[in-house]
Amino acid sequence: MFHRIPRASAICLTAGAFALSGPAGAAAIAVTVTIENLAPVNSVSFAPLRLGFGNGTFDAFNQGQSAGAAIVSIAEGGSASAWFPAFSAAEPSATLGSVGGALTPGSTASGTFLVDSAINRFFTFGTMVIPSNDLFLGNDSATGFQLLDADGNLLISSIVQRAGAIWDAGSEIADPANAAFVAGGNNGLRTPQNGVVGFSFNELSAFNGLTTAAGYGFDLSALAADSDIYRISFSASPVPEPTTLALMAGALVPVGWLGRRRRADSRGTPRHE
Ligand SMILES: [Ca+2]
Ligand SMILES: [Ca+2]
């Protein structure tokens, strides 16, 4: 289920550099995003990571305010069906995507995205915490994570989230019968909570001892507010200019070059929380 991009995708990625390169100053960067579920065994899992590389304009939610449709589509369903369109409307040039499927404790997944560091230096993310009705991880500040500088240098090597960083969207009352990732639950049903977005994972207690959709019994006993639960790691490689590509013999050469650069660039950068 979790895999690195297949070779065919890697070739398309390289070819995509032609589209991004062009205007003077544009810097196409291949950013690989790796997610890890660090939570205690049999505790929280996560829906796919929804992410965007943008200019720092799109702000999906605010602490203390009622959750809008964009963040609700992550918090209640994990799908981001309203989050992606809202992001695109605010920032038509942003690079948007997803990583992984249902990420159970100990699991990892990754994906690679082409980012123009001349305009899209900020990283925005959201993922539903499961099982739940409306819990999620995400950045409140649209400019909280500047990932790249104008030259495409990576400024953040990883983002680590603790259980205390789980948001309750305040939009749906906790009820296993209406929850995602609970065996027998119907996530399409909901009872409005009419609250506001705030840090809280208290609603997880409603699911303790229940069987999850992945088949494990949900166990909260080892999860504390200071437990690391999720890590997003980054590596970046500059994409060759079109003229450079034209001099290379065959599409597979730059793919291999990208792989080596990615490994080389992933060393020695500081941890960021
Ligand atoms: Ca905000
Ligand atoms: Ca809630």
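# A guided tour, starting at T143

Leaving aside residues within four places of it in sequence, T143 is in contact with G56 and F122, so select these three residues to begin, in what is a predicted model.

T143 itself sits in the loop that runs between β7 and β8, and it counts as partly exposed because 14 C-beta neighbours lie inside 10 Å, between the 12 or fewer of an exposed residue and the 20 or more of a buried one. Add R121 to the selection: the C-alpha atoms of T143 and R121 are 9.2 Å apart in space, while 22 residues separate the two in sequence.

**The whole chain**

Now zoom out and colour by secondary structure, which should bring up five helices and 11 strands. The protein has 273 residues, of which 41% count as buried. Among contacts with a separation of 6 or more, 78% are between residues 24 or more positions apart.

Recolour by confidence before going further. The mean pLDDT of the protein is 86, and 79% of its residues reach 70 or more. Residues 1–24, however, have a pLDDT below 50, although this stretch has 34 contacts in the model beyond near neighbours in sequence. Residues 249–273 also have a pLDDT below 50, and that stretch has 33 contacts beyond near neighbours in sequence. Where pLDDT is low, the predicted coordinates should not be read in detail, and for that reason it may be convenient to hide both stretches, residues 1–24 and residues 249–273, for the stops that follow.

**The four-stranded sheet**

Select β5, β1, β11 and β8, which in that order form an open sheet with antiparallel pairing. At its edges are β5, residues 108–116, and β8, residues 158–162, each of which pairs on one side only. From one strand to the next the twist averages 15°.

Within this sheet, look next at β1 and β11, an antiparallel pair joined by nine bridges; T32 is a useful residue to label here, since its bridge partner in β11 is S235. Then move to the other neighbour of β11, where β8 pairs with residues 228–238 of β11 over five bridges, again in the antiparallel sense. In this pairing, V160 stands opposite R231 of β11.

**The nonpolar core**

Which residues have the most contacts inside the largest nonpolar core? Select I29, I71, A75, M128, V129 and F136, which hold that position in a core of 64 residues. Several elements give two or more residues to this core, among them β1 (28–37), α2 (69–75), α3 (83–90), β6 (122–130) and β7 (135–138), together with β5 and β11 from the sheet just visited. In soluble globular proteins, nonpolar side chains tend to be buried together.

From this group, keep A75 and show its surroundings: beyond residues up to four places away in sequence, A75 touches A67, M128, D134, L135, F136, A169 and S171. M128 and F136 are thus to be found both in this list of contacts and among the residues with the most contacts inside the core.

**Around S45**

Select S45, which has its place in strand β2, residues 45–46. Is S45 buried or exposed? S45 is buried, because 25 other C-beta atoms lie within 10 Å. Its contacts, apart from neighbours within four places in sequence, are N37, A102, L103, T104, P105, I130, F181 and A214. For L103, the C-alpha atom is 5.4 Å from that of S45, although the two residues are 58 apart along the chain.

Two of these contacts, I130 and F181, lead on to the last stops.

**Backbone features to inspect**

Most residues other than glycine have a negative phi, and most peptide bonds are trans. With that in mind, select I130 and P131, which are joined by a cis peptide bond with omega about 0°; P131 is found in the loop between β6 and β7.

Next select F181, a residue other than glycine whose phi is positive, near 70°. F181 lies in the loop between β9 (167–168) and β10 (198–199), and it is buried because 24 other C-beta atoms lie within 10 Å.

The tour ends at N194, which is likewise in the loop between β9 and β10 and has a positive phi, near 55°. N194 counts as exposed, because it has 10 C-beta neighbours inside 10 Å, whereas F181 counts as buried.

Methods: Residues are numbered from 1 along each chain as its sequence is written. Chains are lettered from A and ligands numbered from 1 in the order in which they are written. This is a predicted model: local features need pLDDT of at least 70, side-chain atom pairs count only at pLDDT 80 or more; totals for chains, interfaces and linings use all residues. Two strands pair if DSSP finds at least two bridges between them. Axes are lines fitted to C-alpha atoms, for helices over the stretch in contact, and angles run from 0 to 180 degrees between N-to-C directions. Two residues are in contact if their C-beta atoms, placed from the backbone, lie within 7 Å. A nonpolar core is a set of buried Ala, Val, Leu, Ile, Met, Phe, Trp, Tyr and Cys residues joined through C-beta atoms within 7 Å. pLDDT is the predictor's confidence in each residue, from 0 to 100.
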